[in-house]
Amino acid sequence: MRKTLVVALIGALAAGTMVGGATIAMAQGDVIAERRENRKQTAAAMRAIKGIIDAKGPTSGAVEQAAKLKTLEAAFEKMFPAGSDKGDTKALPAIWTDMAGFRAASKASDAAYDKLAVAAGSGNLEALTAAFAETGKTCGACHDKFRAKAN
C-alpha cells in the first residue's frame with residue numbers, strides 16, 4: 001500500500017510538472033501575442049499621425065494618437081518576462097541580456113512621444129512633422145538593436 005501511494009504521489013507530481021510547464025509556455029505565448037498586438041496598435045497610431053501630416057490637416061488629431069503611443073509604450077516595456085524569448089517572436093536575445101539598454105530605449109521612445117504630443121498640440125504642422133521624424137528615429141534605434149529583421 002505504501003509503495004502504491006509513493007508511486008501515485010510521484011505520478012501526480014510528474015503530471016503537475018507537465019501541466020505547470022504547459023501553463024508557463026501558454027502564458028509566455030500570451031505575452032508574445034500581447035507584444036505583437038501592442039506593436040500593431042503602435043504602428044496604427046504612427047500611421048494615423050503620418051496621415052495627418054500627409055493631408056496637412058489639423059494637428060490636433062495627433063494629440064490623441066501621441067497619448068495612445070505613451071500608453072502602449074508603458075505597457076510594452078513590461079511584456080518581456082524571463083523565458084518569453086521562446087516562440088513566435090521577433091524579440092532579440094539582447095532584450096534579456098541588456099534589459100537596462102532596452103528600458104533606456106523605451107524611455108527614449110516615451111520622451112519622443114511627449115515631444116510629439118506637444119508638437120501636435122501646438123497646431124504647427126512643421127513642428128509635428130519634425131517631432132514625427134524624431135519619433136521614427138527612436139523607434140528605429142530600438143528595432144535595430146532589439147528586434148529581428150522581418151523576413
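**Helix packing and the largest pocket**

In this predicted model, the contact between helices α4 and α5 draws on residues along both elements: G101, F102, A105, A108, S109, A112, Y113, K115, L116, A119, A120 and S122 of α4 meet A127, L128, A131, F132, T135, T138, C139, C142 and F146 of α5. Classified by residue type, this contact comprises 15 nonpolar, five polar and one charged residues. Helix α4 covers residues 99–122 and helix α5 covers residues 125–146. Their axes lie 8 Å apart and form an angle of about 165°. Since angles over 145 degrees count as roughly antiparallel, α4 and α5 are therefore described as roughly antiparallel to each other. The crossing of these two helices, α4 and α5, is left-handed.

Helix α4 also packs with α2, again at an angle of about 165° and with the axes 8 Å apart. This angle makes α2 roughly antiparallel to α4. The crossing of α2 and α4 is left-handed. On the α2 side, the contact is made by A62, V63, A66, L69, K70, E73 and F76, while α4 contributes F102, S106, S109, D110, Y113, D114, L116, A117, A120 and G121. The residues of the contact between α2 and α4 comprise ten nonpolar, three polar and four charged. Several residues of α4 take part in both contacts; F102, S109, Y113, L116 and A120 are among those that meet α5 and are likewise listed in the contact with α2.

The largest pocket of the model encloses about 600 Å³ of space. Its lining consists of 24 residues, and R35, R39, F76, H143 and R147 are those nearest the centre of the pocket. The elements that supply two or more residues to this lining are α1 (2–54), α2 (61–76), α4 and α5. Of these, α1 gives the most, with eight residues. The lining of the largest pocket is made up of twelve nonpolar, four polar and eight charged residues. F76 links the two parts of this description, as F76 of α2 belongs to the contact with α4 and also lies among the residues nearest the centre of the largest pocket.

Technical notes: Residues numbered from 1 in each chain as written. Predicted model: local features only at pLDDT ≥ 70, side-chain atom pairs only at ≥ 80, totals over all residues. Heavy atoms only, no water. Axes fitted to C-alpha atoms, helices over the stretch in contact; angles between N-to-C directions. Helix = DSSP H or I, 4+ residues; strand = E, 2+ residues; numbered from the N terminus. Parallel < 35°, antiparallel > 145°, perpendicular 65-115°, else oblique. Left-handed = near helix turned anticlockwise from the far one by under 90°. Contact = heavy atoms within 4.5 Å. Nonpolar A, V, L, I, M, F, W, Y, C, P; charged D, E, K, R; others polar. 1 Å grid on protein atoms, 1.4 Å probe; cavity = no way out; pocket = protein on both sides within 12 Å on 5 of 7 lines; lining within 4 Å. Points joined across faces, edges and corners; volume = space filled by probe spheres on them.
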